[in-house]
Amino acid sequence: MKNSVLLSTLAVAAALTLVAAHLAIWLHAPVEATMGLVQKIFYLHLPLAWWALLSFFLVFVGSVGVLVRKTPVWDALAGAAAELGVLFSGLALITGSLWARPIWNVWWTWDPRLTTALIMWFVYMGYLVLRTSPIPEVKRRTLCAVLGIVAFVDIPLVFFSTRLWRSIHPSVMSSSGGGMEPEMWQAMGGSLAAVGLLWIVLVALRVRQILSQDRLDGLWAARL
């Protein structure tokens with residue numbers, strides 16, 4: 001009961017913060033001088049990308065937990081985080097493409113950041129496919145945990161790709177702060193918080209759903 005109240009409270013907070021973030025993006029942050037209104041995509045693109053990376057870190061943590069503790073909750077955490085990570089990184093790729101078209105004059109380019117991010121998306125899609133494979137439960141959890149750990153190798157490459165290789169993708173975490181005005185950073189902070197709250201609610205709900213499904217499957221199997 002307490003968890004339900006907490007989740008409901010977080011869901012309301014996420015909705016209110018999303019509204020406030022959009023007000024800040026459209027009414028508080030100035031229009032970027034070079035790119036114009038299309039730069040507003042950045043306020044959604046970056047939070048989606050960062051929370052996707054955190055999702056995949058959570059897959060790594062959950063996968064380690066599966067191998068060490070061997071309890072269903074770690075598997076549920078890894079599975080929920082992977083689903084959110086694939087969703088958020090997919091949306092980040094789409095919003096990035098929409099942003100690139102008017103700025104770079106192409107929908108897609110094999111830039112190191114984009115390429116490593118696309119590889120990351122396919123790897124975690126493979127992880128989700130493996131989770132649904134018709135193999136024994138214990139073996140499936142172990143295989144998914146191993147893949148969840150190995151897949152995390154790509155995450156640092158995605159994050160540091162703009163520093164490791166020549167890239168046209170802007171680096172926000174540079175010493176110049178990406179050339180953003182203070183109002184832009186404030187709007188970005190609000191958007192990061194809003195998407196983060198939404199992410200927390202979705203992960204928590206999905207973990208609870210997966211655990212409930214596991215219990216129902218166990219009860220059904222016991223009847224047979």
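Which residues in α2 meet which residues in α7? F42, Y43, L46, P47, W50, W51, L54, S55 and L58 in α2 meet M184, A187, M188, S191, L192, V195, G196, W199 and V203 in α7. Contact means heavy atoms within 4.5 Å.

This is a predicted model: local features need pLDDT of at least 70, side-chain atom pairs count only at pLDDT 80 or more, and totals for chains, interfaces and linings use all residues. Residues are numbered from 1 along each chain, and side-chain values use heavy atoms, without hydrogens and water.

**Helix packing**
- The axes of α2 and α7, lines fitted to C-alpha atoms over the stretch in contact, come within 9 Å and cross at roughly 40°.
- α2 and α7 are therefore oblique to each other (not under 35 degrees, not over 145, and not 65 to 115).

**Nonpolar core**
- The largest nonpolar core (buried nonpolar residues joined through side-chain atoms within 4.5 Å; buried means under 20% relative accessible area) has 47 residues, of which F88 and Y124 touch the most other members.
- α3 gives the most to this core, with 12 residues.
- Beyond its neighbours within four places in sequence, Y124 is in contact with F56, V59, V86, G148, A151, F152 and I155.

**Aromatic rings**
- The whole structure holds 10 aromatic pairs (ring centres within 6.5 Å).
- W108 and W110 form an edge-to-face pair, at 5.5 Å centre to centre and 80° between the planes (edge-to-face means over 60 degrees).
- W108 is partly exposed at 29% relative accessible area, while W110 is exposed at 62% (exposed means over 50%, partly exposed 20% to 50%).
- F42, Y43 and W99 form one aromatic cluster.

Notes:
Phe/Tyr/Trp six-rings, centres within 6.5 Å; stacked < 30°, edge-to-face > 60°. Buried < 20%, exposed > 50% of the residue type's maximum accessible area, 1.4 Å probe, protein only. Helix = DSSP H or I, 4+ residues; strand = E, 2+ residues; numbered from the N terminus. Axes fitted to C-alpha atoms, helices over the stretch in contact; angles between N-to-C directions.
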